[in-house]
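Trainee: Please take one part of this structure and go through it slowly with me, strand by strand and then side chain by side chain.

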Amino acid sequence: MKRNIVIAAVTAAALIGGGTATALATTGDDQGSARQAANTRLSDDDGRDDQDGVDAQDDRDDDARVASADVSAPEAISSALKHTSGTAVSAELDDEDDSGKVIWKVDVLSGDNSWHSVSVEPSSGKVLGSHTDDEDDTAQVRAALKGSSVTAEEAAKAAKAADGKGTVTSVDLDEDGKNKSWEAETHKSGGAEQDWRIDLDTGKITADQDQD
């Protein structure tokens with residue numbers, strides 16, 4: 001009989017406190033959701049912090065890469081053409097096969113339509129070596145450059161003059177589309193980059209949207 005009384009008491013308590021129990025359960029769910037949302041925000045913030053750290057490191061790497069180059073883009077192109085005769089189609093200050101060593105890479109199209117990638121030391125302008133490349137857009141490049149009066153070297157000089165304090169880190173021929181031109185990129189200390197387009201015939205230079 002005592003056992004029946006206990007069961008009855010527990011049952012009554014459950015019925016009377018049902019609303020309270022439900023409310024507590026709901027409150028617990030809300031708190032769990034709030035904790036989950038807070039954890040999600042913290043995770044997102046951590047992700048942004050990590051990305052900011054990566055971007056900042058990239059900016060420092062770019063600054064170091066540019067600072068190591070005493071030889072300008074026009075000078076690198078000139079050195080490459082003295083080593084390998086032809087037409088310079090692009091020049092880029094970049095890591096050599098991701099080894100950390102910075103060099104100028106100049107692509108030259110020779111008179112026999114062979115392509116050469118010439119490596120130039122950025123501190124002295126000395127040609128380190130060259131090798132032939134296989135390219136499938138030779139006809140397009142020839143067509144784009146036919147009758148043009150502005151060379152890659154002149155386009156790099158124009159970009160340097162337009163930017164002022166920035167360093168030209170690349171110049172490349174855009175042979176696609178209707179408005180064929182030279183494309184150049186300049187870099188300023190702190191990570192600010194600017195893209196430029198230089199007309200193949202007139203040398204007129206225009207700035208693309210700033211890149212941060």
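Mentor: Eight strands make up an open sheet with antiparallel pairing, and their order across the sheet is β4-β3-β2-β1-β5-β6-β7-β8. At its edges lie β4 and β8 (205-207), each of which pairs on one side only, and from one strand to the next the twist averages 25 degrees. Helix α5 packs on this sheet and touches β1, β5, β6, β7 and β8, while its direction makes about 135 degrees with that of β5. This is a predicted model, in which local features need pLDDT of at least 70, side-chain atom pairs count only at pLDDT 80 or more, and totals for chains, interfaces and linings use all residues. Residues are numbered from 1 along each chain as its sequence is written, and side-chain values use heavy atoms, leaving out hydrogens and water.

A few terms are needed here. Helices (H or I, at least four residues) and strands (E, at least two) are DSSP runs numbered from the N terminus, and two strands pair if DSSP finds at least two bridges between them. Axes are lines fitted to C-alpha atoms, for helices over the stretch in contact, with angles from 0 to 180 degrees between N-to-C directions.

Now to the middle of the sheet, where β5 (residues 167-174) has a neighbour on either side. Towards β1 (residues 87-95), β5 runs antiparallel and is joined by three bridges; along this border Ser-90 stands opposite Asp-172, and Ala-91 stands opposite Val-171. Towards β6 (residues 181-187), β5 is again antiparallel, this time with seven bridges, and here Val-171 has Ala-184 as its bridge partner. Val-171 therefore appears on both borders, opposite Ala-91 in one pairing and with Ala-184 in the other; strands of a sheet pair through backbone hydrogen bonds, either parallel or antiparallel. The chain passes from β5 to β6 in a hairpin with six residues between the two strands, and in that turn Gly-177 has a positive phi of about 80 degrees.

Helix α3 (residues 73-83) also meets these strands, and its buried residues are Ala-73, Pro-74, Ala-76, Ile-77, Ser-79 and Ala-80 (buried is under 20% relative accessible area, exposed is over 50%, and partly exposed is in between, with a 1.4 Å probe and protein chains only). Their cover includes β1, β2 (102-109), β3 (115-120), β4 (127-133), α5 (152-163) and β5, where contact is taken as heavy atoms within 4.5 Å.

Further along the order of strands comes β7 (residues 193-199), the place of Trp-196, and this residue counts as buried because its relative accessibility is 10%. Leaving aside residues up to four places away in sequence, Trp-196 touches Ala-159, Ala-162, Asp-163, Trp-182, Glu-183, Ala-184, Thr-186, Ile-205, Thr-206 and Ala-207. With one of them, Thr-186, the side chain of Trp-196 makes a polar contact of 3.0 Å (a pair of N or O atoms within 3.5 Å; within protein, one must be able to donate a hydrogen and the other to accept it, and residues adjacent in sequence count only if both atoms are side-chain atoms). The C-alpha atoms of Trp-196 and Thr-186 are 8.0 Å apart, although the two residues are 10 residues apart along the chain.

Charged side chains add further links: there are three salt bridges, each a side-chain nitrogen of Lys or Arg within 4 Å of a carboxyl oxygen of Asp or Glu. Arg-197 forms a salt bridge with Asp-174, with the closest N and O atoms 2.9 Å apart, and because Arg-197 lies in β7 and Asp-174 in β5, this pair ties together parts 23 residues apart in sequence. At 16% relative accessibility Asp-174 counts as buried, whereas Arg-197, at 22%, is partly exposed. Arg-197 also forms a salt bridge with Glu-183, with the closest N and O atoms 2.7 Å apart; as Glu-183 lies in β6, this pair ties together parts 14 residues apart in sequence. Glu-183 is partly exposed at 32%, and through shared partners Asp-174, Glu-183 and Arg-197 form one network of salt bridges.

The other salt bridge belongs to the helix on the sheet, where the side chains of Lys-157 and Glu-153 meet at 3.9 Å, N to O. These two residues are four residues apart in α5, so about one helical turn separates them. Lys-157 is partly exposed at 46% relative accessibility, and Glu-153 is partly exposed as well, at 23%.
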